[in-house]
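Me: Please take a close look at a single part of this chain, beginning with one loop residue and the side chains around it. I should then like to see how that part compares with the rest of the fold, with reasons given where they can be given.

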Amino acid sequence: QVQLVESGGGLVQAGGSLRLSCAASGRTFSSYAMGWFRQAPGKEREFVASINWSGGITYYADSVKGRFTISRDNAKNTVYLQMNSLKPEETAVYYCAVGRLGVARYDYDYWGQGTQVTVSS
């Protein structure tokens with residue numbers, strides 16, 4: 001069993017920044033890829049970013065490239081998502097997940113409960 005706990009969400013103005021964290025427990029964290037997804041009201045959950053076990057390979061959705069950065073600290077069993085230049089349309093619940101490296105929901109086996117990010121215009 002794996003437990004994932006996201007934190008760092010909140011209310012930010014357009015153009016601002018937030019840093020999300022996801023703390024993992026219950027599995028050998030450093031052996032698995034991690035991903036971030038988001039789900040806005042009335043929309044499907046969509047891929048944001050992912051990172052392989054070592055941090056050497058990362059993938060990003062086109063919409064966030066150049067603004068978001070995913071990273072991980074295996075010593076702390078934590079993955080991060082630094083989000084800069086946020087836009088109102090990026091208001092959503094952000095979820096972290098653990099599994100194999102990929103961009104699809106089915107690549108990931110366990111999910112956190114999510115953290116709300118609200119970007120005001």
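Reply: Val103 touches three residues that are not its close neighbours in sequence: Phe37, Phe47 and Tyr59. The model in which these contacts are found is a predicted one. Val103 itself belongs to the loop between β9 and β10. Its relative accessible area is 48%, so Val103 counts as partly exposed, a class that ends at 50%, above which a residue is called exposed. Tyr59, one of the residues touched by Val103, is 44 residues away from Val103 in sequence, yet their C-alpha atoms are 7.6 Å apart in space.

Two of the contacts of Val103, Phe37 and Phe47, lead to a group of rings. Phe37, Phe47, Tyr108 and Trp111 make up one aromatic cluster. The count of aromatic pairs in the structure comes to four. In one of these pairs, Phe37 meets Tyr108 edge-to-face, with 5.5 Å between the ring centres and 75 degrees between the planes. This pair links distant parts of the chain, since Phe37 lies in strand β4 (residues 33-39) and Tyr108 in strand β10 (residues 108-111), 71 residues apart. Phe37 is buried because its relative accessibility is 1%, and buried means under 20%. Tyr108 is also buried, because its relative accessible area is 4%. Tyr108 forms another edge-to-face pair, with Trp111, in which the centres are 6.3 Å apart and the planes stand at 70 degrees. Trp111 has a relative accessibility of 26%, so Trp111 counts as partly exposed.

The ring of Trp111 has a charged partner too. The charged end of Arg105 sits over this ring, 5.9 Å from its centre. Elsewhere in the chain, Arg72 lies over the face of Phe29, where the distance to the ring centre is 4.4 Å.

From this part one may turn to the strands. Four of them, in the order β1-β3-β8-β7, form an open sheet with antiparallel pairing. At its edges are β1 (3-7) and β7 (68-73), each of which pairs on one side only. Direction ignored, neighbouring strands in this sheet are turned against each other by 15 degrees on average. Within the sheet, strand β3 (residues 18-25) pairs with strand β8 (residues 78-83) in the antiparallel sense, over six bridges. Leu18, for example, has Met83 of β8 standing opposite.

Strand β3 also takes part in a covalent link. A disulfide is a covalent bond between the sulfur atoms of two cysteines. The structure holds one disulfide, and this bond joins Cys22 to Cys96 with an S to S distance of 1.9 Å. Cys22 lies in strand β3 and Cys96 in strand β9, so the disulfide ties together parts that are 74 residues apart in sequence. The torsion about the S-S bond of Cys22 and Cys96 is about 45 degrees, which means that the disulfide is right-handed. Cys22 counts as buried because its relative accessibility is 0%, and Cys96 counts as buried because its value is 0%.

The loops on either side of β8 complete the view. Most residues other than glycine have a negative phi. Asn77, in the loop between β7 and β8, has a positive phi of about 50 degrees although it is not a glycine. Ser85 is placed in the loop between β8 and β9 (92-99), and its phi, too, is positive at about 50 degrees, again in a residue that is not a glycine. Asn77 has a relative accessible area of 26%, so Asn77 is partly exposed. Ser85, at 39%, is therefore partly exposed as well.

To return to the starting point, Val103 is a partly exposed loop residue. Among the residues that Val103 touches is Phe37, which is buried and belongs to the aromatic cluster with Phe47, Tyr108 and Trp111.

Technical notes. Residues are numbered from 1 along each chain as its sequence is written. This is a predicted model: local features need pLDDT of at least 70, side-chain atom pairs count only at pLDDT 80 or more; totals for chains, interfaces and linings use all residues. Side-chain values use heavy atoms; hydrogens and water are left out. Rings of Phe, Tyr and Trp (its six-membered ring) pair if their centres lie within 6.5 Å; planes under 30 degrees apart count as stacked, over 60 as edge-to-face and the rest as tilted. Helices (H or I, at least four residues) and strands (E, at least two) are DSSP runs, numbered from the N terminus. Buried means under 20% relative accessible area, exposed over 50%, partly exposed in between (1.4 Å probe, protein chains only). A charge sits over a ring if NZ of Lys or CZ of Arg is within 6 Å of the ring centre and within 35 degrees of the ring normal. Two strands pair if DSSP finds at least two bridges between them. Axes are lines fitted to C-alpha atoms, for helices over the stretch in contact, and angles run from 0 to 180 degrees between N-to-C directions. A disulfide is a pair of cysteine sulfur atoms within 2.5 Å. Contact means heavy atoms within 4.5 Å. Lists of a residue's contacts leave out its neighbours within four places in sequence.
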